Amino acid sequence: MTAALLLIAALSVATQGIDSLPPRHSPRTVAIDERLAQDAGFRIGDTLVLAATPGGAGDTVIVSALVRRSRDPSEVAKGAYRIRVHLDALQPLVGYGDRVERFAVATRGAAGADSARRAIDEAAFGFRAYSSHEIAVESSTTFLVVSRFHRAIGVITIVASAVFLLCIMLLKVDERRRDVAALRLMGISARTIVRSVVLESALIATLGSVAGVGLGALVSAFVNWHYQRVYRTPLTFSLVTGEIVAIAVVLSLGLGLGAGWLAAQRLVRRPPLSLFGR
Amino acid sequence: MILALARASLVRQRARTLLAVVGVAISAAMLLDMVMLASGMRVSFGSLLLAQGFQIRLAPKGTLPFDTDATIPDASGIVQRLRARSDVIAVSPVLGAQLHVEHGTASVSAAALGTIAAVQGDYKLLEGELPAQDEEIAANDALLAAVGAHIGDTLRVAAGFDPQLRAYTGQRALRIVGRAHFIYLSAGERAMALPLATLQSMEGSSRTDRASLLMVRLRAGADVEAARAAIERDVRTVSAISTATAIEQVEQRLSYFRQLAFILGTVSLAVGFLLVTTLVTVSVNERLGEIAVLRAIGVRRVRIVEQILIEGSAIMLVGAFLGLGLGLVTARYLNSILAAFPGLPEAIDFFLFQPRDAWVALGLLAGCGILAGVYPAWRGASLPIAATLREEAVA
């Protein structure tokens, strides 16, 4: 079982400043946020002074690496820069003593994680052990809310699409009422006419859903490109999965068949002569 | 006559007109919701920040209020300097911390705000007294329910834990003197308020004379931006944030919702427009003979245009009025979903109804209704009378 220690603090960075900590043989290294490097023009090898307060006592460090933000939803809207400092360098800098904010514990397998968690909780006073899954669920709450919001908007959109589709199908069958009347008078059964209208609307719905999936994939790519730039994160915001495509196609087919059937019923329930306007 | 003809034309195809009205109503509802979403958050957040009359907030340099655990040193000195300014009426220092209330064998965690009761702007007292004396607290309903306590009870509250000694640190016996509602906290979050000095001493030397936030109330008519800039120049350890800046920063973080509102609002308007245009165009195509007869008996071209425009506008307006009602219901539902955002103050509304929003939505829909009738009206009015009569009426 290996453990990592973490202490997070807000630090001020200056390219020049007063190093007031006891002198060491050589400056420690830090890894800085890629965004900070871009915005402030820092590069690997630069010497910086880190301080807990602006203008306060500082520590000279050397930038040894640039780090990119992880795909963490809880981080996405946070604009603050991150600097990764050696724990034993950060503790004296922020006057935190021999303290950390959390331990990350690696275990052998899921069973090991559960038993380790129980053992830590039993022995612990003043802290609690959480599994990575629990933390992931907690930190994804924001996105779960957004997801519920999207679902609600999706339902409204589907209702609007259904009404629109029904309107279009009604218009289409109304346009052909004379043709249908002629077919009926020639002896074509009402069932055949209903089938042909339903088939037509299913075809339209299929073509529409194929076009919709293509458009959705394009919009999804645009959304990812745009928001990854806005929030400067590698997080994927929009995913078009096979399951989503299947739901969209089935839903639009269902709507198309329903709208076609309803529209066809308007045609076949009226006597052929009344469709001629007599 | 024109109105009667327009009405007759709409009533003739009842199912079609009804569906169009329903379609427009859904589009209108969505449009209203999106207009409300675009402005609601800004207005709601602005009024929340100004609820207690504090126009400027000072947070540790480079941070937003309570965004990190960083604190402002020499809080009392800064308060004195700010109070000396002629444009400042009141300064409220606030220290935030997490405290632990002993409850049986376990402990209940709660957010704690150390404030000066006389000038605080973070909570409203619902019952009892303000916690002005040392070792007094005001708690919210969530905390009182969690520990089963009432006004007058005493709680044992600790600032932290010492794992090596297996003991609480900074522990005090605090008496509940009031029941409060915390303005900036999310629904269900357990919280208590206590005197600033009490919390600072409980937290130990790391919080001596420190504050997480300072709120500044200016005199009426004072230039907020000038005061903000002057304070930031004067106090080097803080970032001074005016209400406008705070709203801008929150909007930047939640820009997604504004963009979504714009896109969905535009799509709703386009769908409503297409629906009405399609219906009125088909309706005009079906009545080419009738329109040609009207023209032949002397009805002027402008009258035909008016009739078709009235048809389109009528569908749009009836649908819009229905949609406004529907929109308010859906906005309430959508707001209840977004209210579950972690850490969102209870008083923030994403969908805030303002009469202006309804007028904007109605105006856009009315404009679309008129535009939707333009093409079919032009088509109806520019018919060659004789040829159309021959093709349509005689046939």
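Guide: Helices here are DSSP runs of H or I with at least four residues, and strands are runs of E with at least two. Keep in mind that this is a predicted model.

Visitor: Okay, so what does the secondary structure of chain A come to?

Guide: Chain A has nine helices and seven strands.

Visitor: And how many of its residues count as buried?

Guide: Chain A has 278 residues, and 18% of them count as buried.

Visitor: What about contacts in chain A, how many are between residues far along the sequence?

Guide: Taking contacts with a separation of 6 or more, 78% are between residues 24 or more positions apart.

Visitor: Let's switch to where the chains meet. How many residues does each one put in?

Guide: Chain B brings 40 residues to the contact, and chain A brings 29.

Visitor: Which elements of chain B are involved?

Guide: On the side of chain B that touches chain A, the ones giving two or more residues are α2, β7 (160-162), α8 and α10 (301-338). The most come from α2(B), with nine residues.

Visitor: What kinds of residues are on that side of chain B?

Guide: They split into 24 nonpolar, eleven polar and five charged.

Visitor: You mentioned α8. How does α8(B) sit against α5(A), and at what angle do they cross?

Guide: Helix α5 of chain A (residues 141-175) and helix α8 of chain B (residues 255-286) have axes that come within 11 Å and cross at roughly 15°. Angles under 35 degrees count as roughly parallel, so α5(A) and α8(B) are roughly parallel to each other.

Visitor: Is that crossing left-handed or right-handed?

Guide: Left-handed, as α5(A) passes α8(B).

Visitor: Which residues meet there?

Guide: From α5(A) you have A:I153, A:A160, A:F164, A:C167 and A:L171. They meet B:L264, B:V271, B:L275, B:T278, B:L279 and B:V282 of α8(B). Sorted by type, the residues of this contact are ten nonpolar, one polar and no charged.

Visitor: New topic: the largest nonpolar core. Which residues touch the most other members?

Guide: That core has 80 residues, and the ones touching the most other members are A:L166, A:C167, B:V24, B:A28, B:L31 and B:V276. Helix α2 of chain B (residues 14-50) gives the most to this core, with 20 residues.

Visitor: Pick B:L31. What does it touch?

Guide: Leaving aside residues up to four places away in sequence, B:L31 touches B:G265, B:S268, B:L269, B:A361, B:L364 and B:L365.

Visitor: And which residues does the second core include?

Guide: The second core is separate and has 54 residues, including B:A139, B:V157, B:L218 and B:I241.

Key:
Residues numbered from 1 in each chain as written. Chains lettered and ligands numbered in written order. Predicted model: local features only at pLDDT ≥ 70, side-chain atom pairs only at ≥ 80, totals over all residues. Axes fitted to C-alpha atoms, helices over the stretch in contact; angles between N-to-C directions. Parallel < 35°, antiparallel > 145°, perpendicular 65-115°, else oblique. Left-handed = near helix turned anticlockwise from the far one by under 90°. Contact = placed C-beta atoms within 7 Å. Nonpolar A, V, L, I, M, F, W, Y, C, P; charged D, E, K, R; others polar. Core = buried A, V, L, I, M, F, W, Y, C linked by C-beta atoms within 7 Å. Buried ≥ 20, exposed ≤ 12 C-beta atoms within 10 Å, placed from the backbone.
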